[in-house]
Amino acid sequence: MKDFYKRLNVDESAPEQTLRDALHRASARWRQDAEYVLLDPKRRAVYDRNRRLLLTIGELRLHLGLNYTRFWARQEFKDFWQELAPAGPAKAPGRKVDAKMIAGAFRAVGRRGRRHAARVGMGWILATSGVIVLLLGFLWHFAT
Amino acid sequence: MLVRARASAWDNPIMAQSVSAKREKNDADTRAAPAEGQSFADLFHRTQHKQSVCMLAILSWVAACDGRIPRREQELLDKISEAVDDPQELGVIEAAVRQPQGRDLEVACRYLKRNLDRGGRKLLVQLAVTMAIQDGYLTVTENLVLQFIADLMGFSPRGLGKLFEQIARRPFPQAGDPSSIKWWLERTAGKQARPANLSGSDSQDDLEPSAADEPMTYSIALRVMGLEPGATREAIHAAYRRLAKTRHPDRYAPLGSAAVATATEAFKRLHEAYAILSA
């Protein structure tokens, strides 16, 4: 189910004219659906009830640790997934956090800053290899 | 009126009135009335019957999630609240039947998840399914709530499907999508194509009054028992026996008085359906 209000960036109690204005700017992929549902009072009432329920369920799932179960982690509920807000100041709009960025942040920790970050990758490989060699050494020692 | 219903779409003023009447009846109660605006979550920690009131909150949610409380479901909730027959607990019962949501539901869900054993969890899901299909229909909202409760109690989608089939004697339908034109068109076409007395078991009708308010007729009885029109006497008897086993109130005793009251009402409806079909 799609959350039209979220996609249109309007409030649920928005009057029809506000909705119509927002619908003009909506993506063509789902605009027809939104118009069909939201511009008819009966359909809108049913849709609103279902949407409110999904918002409640989304919130409950977030707090009860049920966000990634087979019932919920489906594309049809994507608009209602809720994530915990990250701590700290809000990031600049449009900037996304991805795995690469997090890895970069960890690498950048150090007195030598970014130049150091580039070498940490190799450092990890060397450290891991060292541990493996040590373990093999111990095994060899005890085996003989 | 002692009970102030919250101004939300989930309010249940009729239910609040009935509990209010009960409160007036027990006015000799020495305990002070709960302060206005106190939620279920606030009152929950003081109650002795935690499991029963949590159950009541969850079942109230199931009953009212489709935006209406038909007379039959309202009577059922009334009986459930009477089952927790302790004048000391009226405050929390009021809060539980006021359609708790958000934080209140979270408290109830957390308690039940932590305190029910495996058998109890299964019984809770069975009871929620029984409550949802009281009128023979399963709306989209009821479908979504059942999925959530099953997930909370550790069931897989397949497990819920099997359990639903045991109780309703039909497969668990996929939740519809009221945000798509396709769903609305299919729904309209389906309704027009079927005669009224054969309207499908999963028509997911959100606009019309609930069948739970209708007097028991042959077609409703068929729907309640999950049978097709023209079922033989043997088939009716076999279905009744099978459903009576899964829906018998004694099975729900471990979940407390609220659960037993719900199951008793559901069982009465099943018996009523059987009486009509076997007449």
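Colleague: Happy to look at this with you! In chain A, what share of the contacts with a separation of 6 or more comes from residues 24 or more positions apart?

Modeller: Good place to start, and do keep in mind that this is a predicted model. Chain A has six helices and zero strands, and its elements run α-α-α-α-α-α from the N terminus on. Of its contacts with a separation of 6 or more, the part from residues 24 or more positions apart is 32%.

Colleague: And in chain B, what share of the contacts with a separation of 6 or more comes from residues 24 or more positions apart?

Modeller: Chain B is also built from helices, with 13 of them and zero strands. Read along the sequence, the pattern is α-α-α-α-α-α-α-α-α-α-α-α-α. For chain B, residues 24 or more positions apart supply a share of 76%.

Colleague: How much of each chain is made up of buried residues?

Modeller: Let's take the chains in turn. Chain A has 144 residues, and buried ones make up 16% of them. Chain B has 279 residues, and there the buried part is 47%.

Colleague: Now to where the chains meet: which element of chain A gives the most to the side that touches chain B?

Modeller: The contact takes 28 residues from chain A and 26 residues from chain B. On the chain A side, the elements that give two or more residues are helix 3 and helix 4. With 15 residues, the one that gives the most is helix 4 of chain A.

Colleague: How do the residues on that side of chain A divide by class?

Modeller: This is the side of chain A that touches chain B, to which helix 4 of chain A gives 15 residues. Its residues divide into 14 nonpolar, five polar and nine charged.

Colleague: Which helices do the buried residues of helix 4 of chain A pack against?

Modeller: The buried residues of helix 4 include A:Val46, A:Leu53, A:Ile57 and A:Leu60, and A:Arg49 and A:Arg61 are also among them. Their partners come from both chains: helix 3 (28–38) of chain A, together with helix 6 (103–115) and helix 8 (140–152) of chain B.

Colleague: What span should helix 4 of chain A have, and how far apart are its end C-alpha atoms?

Modeller: Helix 4 of chain A covers residues 41–64, which is 24 residues. Just after the helix comes A:Gly65, with a positive phi near 70 degrees. At 1.5 Å a residue the helix should span 34 Å, and this agrees with the separation of its end C-alpha atoms, 34 Å.

Colleague: Let me ask about a side chain in helix 3 of chain A: is A:Trp30 buried, exposed or partly exposed?

Modeller: A:Trp30 lies in helix 3 of chain A, and its C-alpha atom is 8.8 Å from that of A:Lys2, 28 residues apart along the chain. Buried would take 20 or more other C-beta atoms within 10 Å, and exposed 12 or fewer. A:Trp30 has 15, so the class is partly exposed.

Colleague: Which residue in the loop between helix 1 and helix 2 of chain A is exposed, with 10 other C-beta atoms within 10 Å?

Modeller: That loop runs between helix 1 (4–8) and helix 2 (16–24) of chain A. The residue has a positive phi of about 60 degrees although it is not a glycine. With 10 other C-beta atoms within 10 Å, the exposed residue is A:Asn9.

Colleague: Over in chain B, which residues does B:Gly226 touch, leaving out those up to four places away in sequence?

Modeller: B:Gly226 sits in the loop between helix 11 (218–225) and helix 12 (233–247) of chain B. With 18 C-beta neighbours inside 10 Å, B:Gly226 counts as partly exposed. The residues touched by B:Gly226 are B:Ala168, B:Arg169, B:Arg170 and B:Ala239.

Colleague: What is phi of B:Arg169?

Modeller: B:Arg169 is in the loop between helix 9 (157–168) and helix 10 (181–193) of chain B. B:Arg169 is partly exposed, with 16 other C-beta atoms within 10 Å. Its phi is positive in a residue other than glycine, near 60 degrees.

Colleague: One last pair: how are helix 3 and helix 6 of chain B oriented to each other?

Modeller: Helix 3 (residues 50–64) and helix 6 of chain B have axes 9 Å apart and pack at an angle of about 125 degrees. Their crossing is left-handed. That angle lies between the ranges for roughly perpendicular, 65 to 115, and roughly antiparallel, over 145. The two helices are therefore oblique.

Methods:
Residues numbered from 1 in each chain as written. Chains lettered and ligands numbered in written order. Predicted model: local features only at pLDDT ≥ 70, side-chain atom pairs only at ≥ 80, totals over all residues. Helix = DSSP H or I, 4+ residues; strand = E, 2+ residues; numbered from the N terminus. Contact = placed C-beta atoms within 7 Å. Expected span 1.5 Å × (residues − 1). Nonpolar A, V, L, I, M, F, W, Y, C, P; charged D, E, K, R; others polar. Axes fitted to C-alpha atoms, helices over the stretch in contact; angles between N-to-C directions. Parallel < 35°, antiparallel > 145°, perpendicular 65-115°, else oblique. Left-handed = near helix turned anticlockwise from the far one by under 90°.
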